[in-house]
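This report is for a reader meeting the structure for the first time. It moves through a few chosen places and ends with the overall picture.

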Amino acid sequence: MTTDHPPATPHPISILLLDSYDSYTFNLHALLRSLFPHTDIHVLHNDSISPSELRKFLPTFDFVVVGPGPGHPGVKGDIGIIPEVWGFGGRQGEVPVPVLGVCLGMQSLCLHFGGAVMRLHTPKHGQISRLEYPPATTTTSLLFTPHTSPPNVVRYHSLHAILPHPPSSIPLTPLAYTSDPENGRVLMAVAHHSLPFYAVQYHPESISSEGGASLISNFWDLARGWNTDTGRDAGVKSVVIEAKTEVKPRPLLLSSSPPPAPRRVTVRKLQTHICPLSLIPILGIDTAAPYTALLESLATPGRWSILAVPSSRMEHITYRIPPPSSPHVISIAHPGTAEAVARPAVPDTVQEVQVDDGVEGVHKYLAHLMQARKPDLTQGYEEVPFCGGLVGYMTYEMGVAGLGIDLLRSEKAEAPAGGGGADDAPDVNMLFVERSVVVDTLTNTVYIQSLCEDDAGWVDDVAAKIIQAQSQPPPSSPTVPKLGRRVEVKTPNKAKYEADVRTAQEFLAAGESYELCLTAQTSLRTSTPAWSLYQRLRQTNPAPYAAYLKLGEVTVLSSSPERAVSWTRPRDGQRSVVELRPIKGTVRKSSSVETIEDAQIVLRNPKDLAENLMIVDLIRHDLTLVSAPSTVHVPHLMRVEEYSHLFQLVSVVRGELDGDSGYVGWDALRGMVPAGSMTGAPKKRSVEILRELEGEGKGRKGERGVYSGVMGYWSVCGAGDWSVVIRTAVNYGNRRVRPEDEDEGDVWWIGAGGAVTALSTPEGEEEEMRVKLGSVLRGIVGDGCM
Ligand SMILES: C=C(O[C@@H]1C=C(C(=O)O)C=C[C@H]1O)C(=O)O
Ligand SMILES: NC(=O)CC[C@H](N)C(=O)O
């Protein structure tokens with residue numbers, strides 16, 4: 001996307017953007033916003049108002065943009081009320097409203113006026129093509145800037161419009177084409193002969209499309225001309241649209257009142273090098289006790305390591321999405337005593353809170369809890385991202401439910417299909433941590449912090465223990481704990497996985513999705529204690545988001561390389577910076593791929609670049625929803641990063657949180673789950689398809705559980721950092737182990753997968769899934785188990 005000159009806007013105008021449940025809609029919004037900064041842009045889902053309401057509202061808009069979307073323009077469930085837009089003007093007193101259609105929008109325009117919509121031979125998703133203009137020039141070709149070289153544009157489509165011969169038999173004029181070896185000449189832009197309808201098949205809003213701004217600007221010139229010539233009074237702006245569903249999420253916090261008497265952060269800072277792992281014995285933490293949370297940065301770009309120190313005042317906050325029509329209950333357990341902290345047998349005191357509006361209510365509860373506990377920020381050190389707060393995970397299903405998808409959970413407890421998750425494991429599982437030790441691995445600084453009242457004694461005691469331990473000779477080279485005798489691994493069935501890739505590609509060919517991140521689960525049974533497994537994993541697969549979480553019955557061992565989202569602590573007069581780092585494109589290290597340069601050659605292929613681009617565009621959309629206008633940008637587009645076993649193609653997307661509209665960091669997290677890199681695009685339709693594919697049997701949808709979810713922290717001081725839960729082993733407390741097998745050890749679930757596109761091969765995807773699985777499995781159990 002290039003930013004051209006903004007068009008002249010003599011008066012504030014009003015724009016309607018119709019969304020077909022796409023994941024790029026808010027990129028179009030951002031493009032429009034960059035050209036019309038003070039304009040009302042109303043975004044509505046294509047099924048959120050009735051045709052009669054639409055007819056009432058249409059005259060009040062200067063123009064309409066009909067956005068892209070999954071599915072087929074001839075299917076009512078995919079296209080909603082959009083055909084009404086093309087028919088508007090046919091009745092007495094109606095004057096057609098200028099419309100720009102994008103992708104599905106163009107297909108709908110062509111279908112409405114007599115064109116056909118067919119499948120491409122080879123779908124084009126995230127691929128760049130150069131436009132070609134037909135030789136004949138007409139006034140309508142003013143949609144493109146004449147005498148300039150045609151732009152390179154990004155395509156996300158499986159279907160394409162075909163105009164009949166002779167073209168004059170329908171009222172549409174082709175304005176642009178493109179050619180590719182697989183599909184030949186494909187129509188890329190059209191205009192109506194006499195009505196103000198224009199459309200493009202490509203995505204002008206993509207980060208890698210050229211000429212997006214001048215396209216909109218040219219369209220606005222044409223639209224304005226029409227509005228003047230027909231005397232449409234585009235000046236009336238009393239639009240009140242009540243849509244059934246809002247596209248833009250409302251801020252979670254209803255008010256931003258500060259807490260009545262903020263708590264203090266008690267902190268000691270030590271300048272010393274310490275491995276966070278060694279804090280465990282120094283502080284006498286029992287890693288088999290009910291609660292331990294260690295988040296480690298073991299590779300770049302990670303920097304901070306955080307150890308939550310269990311205390312009797314710590315809270316364990318859990319929530320499981322209930323079956324439909326059951327109450328939504330958050331449970332808050334307080335250990336209350338030192339014994340309860342240390343031993344599972346001593347029950348916690350449990351308080352329950354019922355929330356009204358489902359998962360949204362849970363997010364609001366957490367946001368308000370954190371607001372109420374905001375400490376006096378003049379205390380402590382500004383540079384430390386965590387001073388106490390929430391640490392834990394949210395499952396993939398929390399994100400799925402947030403998209404409005406019914407999980408179909410039943411009252412009867414049964415293990416969900418797909419293997420990820422347990423019949424009663426929490427979907428939100430977090431500790432509210434009051435005591436912590438945070439290590440800055442870059443500067444070798446240690447921060448010992450407490451949010452408890454009068455806790456200087458504990459802080460000093462920990463500081464003294466660390467100083468004393470530092471004076472002891474370091475232990476001889478760290479040893480990798482031994483693995484117990486019995487190890488049993490069940491990896492996904494190769495034929496089934498490859499068949500699933502083919503089915504996924506059928507969905508892509510039909511235009512239902514642009515990319516599908518298919519995954520499968522492996523089970524590992526071992527009697528080796530969780531803590532030993534984690535020590536093995538962290539040594540063999542050091543990752544920027546390594547973690548050991550023991551949260552009640554669920555234990556998570558992570559070596560994730562991928563940031564889901566982070567946000568910085570807002571400072572005086574500055575907005576919080578939100579960052580997402582999607583990974584797409586993976587190659588295993590080998591004798592032929594040893595260096596970043598080697599990996600660059602391998603990963604800079606059309607398939608990996610397209611996969612990455614699709615997710616970058618999706619994430620720009622997610623982030624635009626909560627960011628201040630025009631602040632979303634992509635500082636790094638597809639950079640190769642090195643990890644211990646793999647190279648990956650990583651992009652960085654940043655925005656500034658729109659605090660003026662009331663958004664906090666949690667709004668960004670809530671809005672981006674499930675992570676786009678684990679779903680594909682468009683997100684909602686892709687998730688629905690994947691649940692069917694990954695489930696087994698009729699009516700049982702595949703759940704991924706903690707895998708594909710997010711884990712990390714949100715500090716009461718304002719900052720947060722969450723990883724995508726991949727390269728991770730999860731134990732759900734052995735609930736699903738048959739009683740006769742109980743002695744046989746713990747069952748760990750390891751998910752792995754990858755993005756399926758039209759360019760994938762079933763064998764290649766299966767191999768990629770195994771490469772990712774191998775980075776964890778080899779780490780834990782060594783070679784020979786794959
Ligand atoms: C699905 C996984 O990874 C995701 C898919 C990737 C890919 O398709 O290249 C890369 C990183 C993750 O976003 C996994 O590790 O299991
Ligand atoms: N990006 C889009 O709008 C895609 C439209 C249609 N579903 C296709 O695949 O061709």
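Both Phe113 and Phe197 are buried, and in this predicted model the two rings form an aromatic pair of the tilted kind, with 6.2 Å from centre to centre and 40° between the planes. Phe113 belongs to the loop between helix H5 (104–112) and strand S5 (116–130), while Phe197 belongs to strand S9 (residues 197–200), so the pair ties together parts that are 84 residues apart in sequence. A search of the whole structure finds 20 aromatic pairs. Elsewhere, Phe36, Phe63, Tyr198, Phe219 and Trp220 come together as one aromatic cluster.

Aromatic rings also meet charged side chains here. The charged end of Arg373 sits over the ring of Phe432, at 4.4 Å from the centre of that ring, and the charged end of Lys589 sits over the ring of Phe647, at 5.4 Å from its centre.

**Salt bridges**

How many salt bridges does a search of the whole structure find? The search finds 42 salt bridges, and three of them are set out below with the distance between N and O.

| Residues | N to O distance |
|---|---|
| Glu512 and Arg685 | 2.5 Å |
| Glu498 and Lys494 | 2.7 Å |
| Lys490 and Glu488 | 4.0 Å |

Side chains of opposite charge can pair when their charged atoms come close. Glu512 lies in the loop between H12 and strand S21 (515–526), whereas Arg685 lies in helix H17 (residues 683–694), so their salt bridge ties together parts that are 173 residues apart in sequence. Glu512 and Arg685 are both buried.

The bridge between Glu498 and Lys494 has another setting, for these residues are four residues apart in helix H12 (residues 494–509) and are therefore separated by about one helical turn. An α-helix has 3.6 residues a turn, so residues three or four places apart point the same way. Are the two partners buried or exposed? Glu498 is buried, with a relative accessible area of 10%, while Lys494, at 44% relative accessibility, counts as partly exposed.

In the salt bridge between Lys490 and Glu488, Lys490 is exposed, because its relative accessible area is 53% and the cut-off for exposed is over 50%. Glu488, with a relative accessible area of 28%, is partly exposed.

Some charged residues take part in a wider arrangement: Arg563, Glu579, Arg581, Arg639, Glu641, Arg654 and Asp721 are linked in a network of salt bridges.

**A strand pair**

Arg654, a member of that network, is also the bridge partner in S28 of His633. Strand S27 (residues 633–642) and strand S28 (residues 646–656) pair in the antiparallel sense over six bridges, and a hairpin of three residues joins S27 to S28.

**An enclosed helix and a buried loop residue**

Why can helix H1 (residues 25–35) be called largely enclosed by the rest of the structure? Nine of its 11 residues are buried, so the rest of the structure largely encloses H1. The buried residues in H1 are Thr25, Phe26, Asn27, Leu28, His29, Leu31, Leu32, Arg33 and Leu35. Their cover includes strand S1 (14–19), strand S2 (40–45), strand S3 (63–66), strand S4 (99–102), helix H6 (212–229) and helix H15 (606–624).

Strand S3 also borders the loop that holds Thr60, for this residue is placed between helix H2 (51–57) and S3. Thr60 counts as buried, at 15% relative accessibility, and its C-alpha atom is separated by 9.6 Å from that of Ile13, although the two residues are 47 residues apart along the chain.

**The whole protein and its confidence**

The protein has 18 helices and 33 strands, and buried residues make up 61% of its 786 residues. Among contacts between residues at least 6 apart in sequence, 77% join residues at least 24 apart.

The pLDDT averages 89 over the protein, and 90% of the residues score at least 70. Residues 1–5, however, have a pLDDT below 50, although this stretch has 18 contacts in the model beyond near neighbours in sequence. Where pLDDT is low, the predicted coordinates should not be read in detail. For the model, the scores are ipTM 0.97 and pTM 0.94.

Key
Residues numbered from 1 in each chain as written. Chains lettered and ligands numbered in written order. Predicted model: local features only at pLDDT ≥ 70, side-chain atom pairs only at ≥ 80, totals over all residues. Heavy atoms only, no water. pLDDT = per-residue confidence, 0-100. Contact = heavy atoms within 4.5 Å. Pairing = 2+ DSSP bridges. Helix = DSSP H or I, 4+ residues; strand = E, 2+ residues; numbered from the N terminus. Phe/Tyr/Trp six-rings, centres within 6.5 Å; stacked < 30°, edge-to-face > 60°. Buried < 20%, exposed > 50% of the residue type's maximum accessible area, 1.4 Å probe, protein only. Lys NZ or Arg CZ within 6 Å of the ring centre and 35° of its normal. Salt bridge = Lys/Arg side-chain N within 4 Å of Asp/Glu carboxyl O.
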